[in-house]
Every structure is written in structure tokens, then in C-alpha cells.
Amino acid sequence: LFLPLQSQLSQALNGLSDRAKEAKEFLVQLRNMVQQIQENSVEFEACLVAQCDALIDALNRRKAQLLSRVNKEHEHKLKVVRDQISHCTVKLRQTTGLMEYCLEVIKENDPSGFLQISDALIRRVHLTEDQWGKGTLTPRMTTDFDLNLDNAPLLQSIHQLDFVQMKVSSPVPAPPILQLEECCTHNNSATLSWKQPPLSTVQVEGYILELDDGNGGQFREVYVGKETMCTVDGLHFNSTYSARVKAFNKTGVSPYSKTLVLQTSEDTQSEEQTLPFPVPLERSQLRRMSPFSSTLNLQPSFPGRSYFELRSSAHQLSLHSSLQSLNSAGEPIAWFSFDPGSAHADIIFSNDNLTVTCNSYDDRVVLGKTGFSKGLHYWELSIDRYDNHPDPAFGVARIDVLKDAMLGKDDKAWAMYVDNNRSWFMHNNSHTNRTEGGITKGATVGVLLDLTRRTLTFSINEDQQGPVAFENLEGLFFPAVSLNRNVQV
């Protein structure tokens, strides 16, 4: 009796063990869902805020137009009334003068003199009285504004605005997003990868990839199909190509994606291969055999501006000259993403780790995945959301920087923190170089790390912000950002 019961209990335990194992796996799945819900919530919230902000901007523009019409009506009414005041004042002055003259004539004791002018004066008095006829003493303009703003349809539309309506997308596809971290060049080949925006629900039938001729010429179609990755072979060596992609369906064609600039390798052979353009394409597995360079950009839809284009922008001399020297070296562009492994637990990642925000109202730090110890590096960050005037910080840091305080609070970070009006440089909790000019939603913050000159410089919307921020930098530095719940980068 003992052995059968023991076997039965063992079998029962095996079944219970399987259920426990399934429960553990289910808990892992639920925890992953928590993270995914947080990321999706942040992304959807950002989209919702952007859509509502667009409506508010449109309403503000319409308000300005309507106010302009009211002001024009106001000026017109004033002009009509002032002209009538001026005209009536002149006539009244003439009438008063005639009355005073007639009274003096009546007082005259010379009958013969009176008889000579009396008829003429009587006619003049009657003529002047007739000039004050009907309508002369009636205002030509009313004081009321005969305008009535019909806002009932708009208010009804606002009340009817709902998430079901917000999910209804345009029948034309949205512009694709280039997967910057998956795009690369190798020798005279370039691999491009793209995707649809995360919240887009419009069906896409295919994509059209276009490249220029490597010399700033016109764009030409090099691929049409359903794939979201394409390798272009047979390009010219040591050339700069611009690439863009658009989506299409039965309804029509989307706008183009942002433009990405690609640099092919220098030719190691004695003569460059000169194949006709465009060349036949082949679909290949993505290989990061030769990244563009160590120069990076965090924006998920960055327009692919190369150093050649940055050189002509409105940077001040130090930033301008650094980029110019970089351009003369022929360095191309590569990309990096934020690093979930080293970030504070409150940081929320989305958009393939190219976009970050935070769960906490306190400042939290996140680093880029790539560290730099030499060379010249420039990257930009886009402010996707900016609420309640926080002061995010941007710069570089050591790998062991404090993750639960503003960037620059310790001696392992060199940063610029900025609000909507001004900025400061900060290192080891020391604030320097207050500079007027801040950020708003949609602003771009640029970071130029020159480890040849050992300097760090910042820009806002392509204008250098303050002087050279830090000098004598040496060692390994990671791109770094600190932000709280009110900011998305």
C-alpha cells in the first residue's frame, strides 16, 4: 500500500510542478506586458498630445485671423465716424460764423446798408440751413459689430472627439521611418531598412526606394516592392548618396521619409568600378560589416543631414570650424540608440530604444550604447514633449555616472541643463555660463564632442549655445541625458 501511494503522490507532484513552471513563465509574460503597456502608453500619449496640440495650434491660427477681421472692422468704423466728425465740425464752424455775422448786421443802424445786403444774407442763411438737411445729423456708422462667431459646430465636434475617431487613419499611408541603426554601407554597397510608424493602421501594399546619383543629382527609383530592407550594389566608391523611401496602396502614395545620407568606402583598387546607375538590386541579410562612423544621432526620423549640410548652417565659428574640419576628413554618418542595460529603472524606452521618457518626476539618467575615447563626434536630440517647464540635461558621462540625479551633479558627467528661457553648464554640481535661450517642444539639441581638441560644445536649433562648455576632456565618454516625466526625447 505504501509504494503505490508514494508513486501516486510523485505523479501528482510532477503535474503540480508543470503547473508551477507554467505559472512562472506566465508571470514573466505578465511582467513583460507591464513594460510593454508602459512603453505603448508613453508612445500613444505622445501621439495624442501631438494631435491635440495640432488642433490647438489650428484654433489659435484661426483665432488670430478672426481677430484681424474684427480689428479691420474696428478701424473702418473709427475712420467713418472720424471723417463725419471732421466734416460736421467744419460745417458747424461755417454756420456759427454766418450766424454771428447776421447778428452784427441786424444791430446795424444804417437802413440803406442793411437793405443792400439783406436779400443776399437771407438766401445764404436758407442755403446753409438746407445743407443741414435730412441725414446730415444722422451717424453714418453704427457702434455695434454686426459679427457673430458661430462656434456651435466646432464645439459639437470637440465633444464628439473620441479615441474611436482618433484611430481612424487616412487611407493614404503615412511616411515610412528609416531604421537608422540598421542602415549601413560596405565597400560600394548600401543596405537600407525602414518600417511604418508605430501607430499607423493604414494598409501598405509596397514601398518605393529612391537614391540620387551620388553627386547631388536627381533621385531615381531603385526598388519597388513589399520588402522593408534592400541592398543596393555597384555604387561608386568614396561617394555620398542620399536615400529616401515612400509607401503606397490603392488609394495613393505617402509623402517621402526623411532623407538619409550614406557614404561609400574608399576604393582600395587602382581604378574605381563604374557601373551604370541605377544598378540591379538584391535582397540580402543585414550585416553591420562596416558602420558609417562613430558619429551618431538619436532622432528616430532625423532627416539624414550630413556634415556637408551642417557646415552651411548658422553655427557660430567654433562649432562651424569643427564640423568643417570633420567634413574635410570625409567622415560619414552612423547612428546609435539609448542603452536600457545601464539606464535608471524609471526610464521608459520606445521606438526601438531611440525614444525615452521617464516614470518619475525626479531626474533620471540614460546613456547611449556607444562610448568614445578619440575622434570628433556630433549627435542631435529632438524634444518630442516638453510640459510644465522642466530642465532636462544633455551631454556626456562615464559609464558609472549617478543615474538618480540630474546629469552633472557628480564628477562623472559634463552637461548642459536647459529650461524654456536659459541654460547652464554643469559638472561636479558646479553651475557656469548662464546663457539666454531655451528649448520648447520640437527643439533640437546638438552635442559636439571633439576629443582631438578635448572640448565639448552645445547647440540649440543649430545655433551654438554659449561658449565652449568644457575643455581638457580625456577618457571614455558616453552620450548622456537626464530627464523626468515631463520630457520625451
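No disulfides are present in this structure, a disulfide being a pair of cysteine sulfur atoms within 2.5 Å. This is a predicted model, where local features need pLDDT of at least 70, side-chain atom pairs count only at pLDDT 80 or more, and totals for chains, interfaces and linings use all residues. Residues are numbered from 1 along each chain as its sequence is written, and side-chain values use heavy atoms, with hydrogens and water left out.

Here are two of the cysteines, where buried means under 20% relative accessible area, exposed over 50%, and partly exposed in between (1.4 Å probe, protein chains only).

| Cysteine | Closest cysteine sulfur | Relative accessible area |
|---|---|---|
| Cys 47 | Cys 52, 9.4 Å | 25%, partly exposed |
| Cys 184 | Cys 183, 7.7 Å | 3%, buried |

The sulfur of Cys 47 is too far from that of Cys 52 for a bond, and the sulfur of Cys 184 is likewise too far from that of Cys 183.

Now to the strands, which are DSSP runs (E, at least two residues) numbered from the N terminus. An open, antiparallel sheet is built from four of them, in the order S13-S19-S20-S21; two strands pair if DSSP finds at least two bridges between them. Strands S13 (376–382) and S21 (463–464) stand at the edges with a single partner strand each, so one side of each has no neighbour in the sheet. S13 is joined to S19 (residues 444–450) by seven bridges, and His 377 has Leu 449 in S19 as its bridge partner.

Conventions: Helix = DSSP H or I, 4+ residues; strand = E, 2+ residues; numbered from the N terminus.
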